[in-house]
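Me: I would like a close look at a single part of this model, not a full tour. Please take one set of paired strands and work outward from there. How is it put together, and what surrounds it?

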Amino acid sequence: MTSPAARPQGQPALLESARHALASHGWLAGCPADFRERLLRIAIVRRALPGEEFIHAGDEKGGLFGICSGAAEIAFASGHPDTRVIHLVHSGFWAGYKGLLGKARYLSLRARTDLVWALVPQAAVERLLAEHPTAWRHIADLADQLSLLV
């Protein structure tokens, strides 16, 4: 049986509001409109329930992911389980660039509230970057913004 986080969200109004949230907040909002539209076209909108870990440290691939609505906690893969949480993130937060560099994720995300998030699968991001090589600048900008968190 498929977990709630793995089930794509199929309600058109929710899909549109999720994409609007990502386009108007955070990293993606600061990207050029053509890149933003291309990325949102290939995004898959999903849900996570409170307490559900929906992004796992150690995963080698997976793609980019963004928070559409709700709140999630970020935790390091290493360290004492009681002190691993380092930050809370909300709508507009994006991450996942490490897989594009051939590295495993070092952070996990767990929903703190009902959460709507988007996944842009790794293969789709790689195709987009192959077709539009200058888009790597936007990925570099994402990595730079995330370096301020850790």
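Reply: Two strands count as paired if DSSP finds at least two bridges between them. With that cut-off, 4 strands form an open sheet in the order β1-β8-β3-β6. The pairing is antiparallel. Keep in mind that this is a predicted model.

First, the setting. The protein chain has 5 helices and 8 strands. Along the sequence the pattern is α-α-α-β-β-β-β-β-β-β-β-α-α. The sheet order therefore does not follow the numbering: β8 lies between β1 and β3.

Now the edges. β1 and β6 (94–95) each have a single partner strand, so one side of each is left without a neighbour in the sheet.

Go through the pairings one by one. β1 spans residues 44–48 and pairs with β8 over 5 bridges, in the antiparallel sense. Here Arg46 has Trp117 of β8 as its bridge partner. β3 covers residues 63–69 and is joined to β8 by 6 bridges, again antiparallel. In that pairing Gly63 stands opposite Pro121 of β8. Between β3 and β6 there are 2 bridges, and these strands also run antiparallel. Gly66 has Trp94 of β6 as its bridge partner.

β8 deserves a second look. The strand takes in residues 115–121, and 6 of its 7 residues are buried. Next comes the packing. The largest nonpolar core holds 43 residues. Trp27, Phe54, Leu64 and Leu109 touch the most other members. The largest share of this core, 6 residues, comes from β8. So far, then, β8 has both β1 and β3 as partners, and it supplies the core's largest share.

Which residues does Leu109 touch, beyond four places in sequence? The list includes Phe65 and Ile67. Others are Glu52, Glu53, Phe54 and Ile55. Ala72, Glu73 and Ile74 are also in contact with Leu109, as are Val89 and Phe93.

Cys68 is a further buried residue, with 4% relative accessibility. Cys31 is buried too, at 5%. The disulfide count is 0.

Move to the loop that leads into β6. Gly92 sits there, between β5 (85–89) and β6. Is Gly92 buried or exposed? Its relative accessibility is 6%, so Gly92 counts as buried. Beyond four places in sequence, Gly92 touches His25, Gly26, Trp27 and Ile67. Two names recur here: Trp27 is among the residues that touch the most other core members, and Ile67 is also a contact of Leu109. Gly92 and Ala29 lie 63 residues apart in sequence, yet 8.0 Å apart in space, C-alpha to C-alpha.

Trp27 also leads to helix α5 (residues 136–147), where His138 is placed. His138 is in contact with Trp27, Cys31, Pro32 and Phe35, leaving aside neighbours within four places. At 18% relative accessibility, and with the cut-off for buried at under 20%, His138 still counts as buried.

Phe35 belongs to helix α3 (residues 33–41). Its fellow buried residues in α3 are Arg36, Leu39 and Leu40. Seen down the axis of α3, the buried residues fall within an arc of 125°, so they line one face of the helix. An α-helix has 3.6 residues a turn, so residues three or four places apart point the same way.

Helix α4 (residues 122–131) shows a related split. Gln122, Ala124, Val125, Leu128 and Leu129 are its buried residues. They cover an arc of only 165° around the axis, which puts them on the same side of α4. On the other side, Arg127, Ala130 and Glu131 are exposed.

Last, the chain-wide numbers. Buried residues make up 42% of the 150 residues. Among contacts between residues at least 6 apart in sequence, 80% join residues at least 24 apart. The chain exposes about 7,700 Å², with carbon and sulfur atoms supplying 55% of it.

Key. Residues numbered from 1 in each chain as written. Predicted model: local features only at pLDDT ≥ 70, side-chain atom pairs only at ≥ 80, totals over all residues. Heavy atoms only, no water. Disulfide = S-S within 2.5 Å. Buried < 20%, exposed > 50% of the residue type's maximum accessible area, 1.4 Å probe, protein only. Arc of directions from axis to C-beta. Core = buried A, V, L, I, M, F, W, Y, C linked by side-chain atoms within 4.5 Å. Contact = heavy atoms within 4.5 Å. Areas by Shrake-Rupley, 256 points an atom, 1.4 Å probe, with all protein chains shown as cover.
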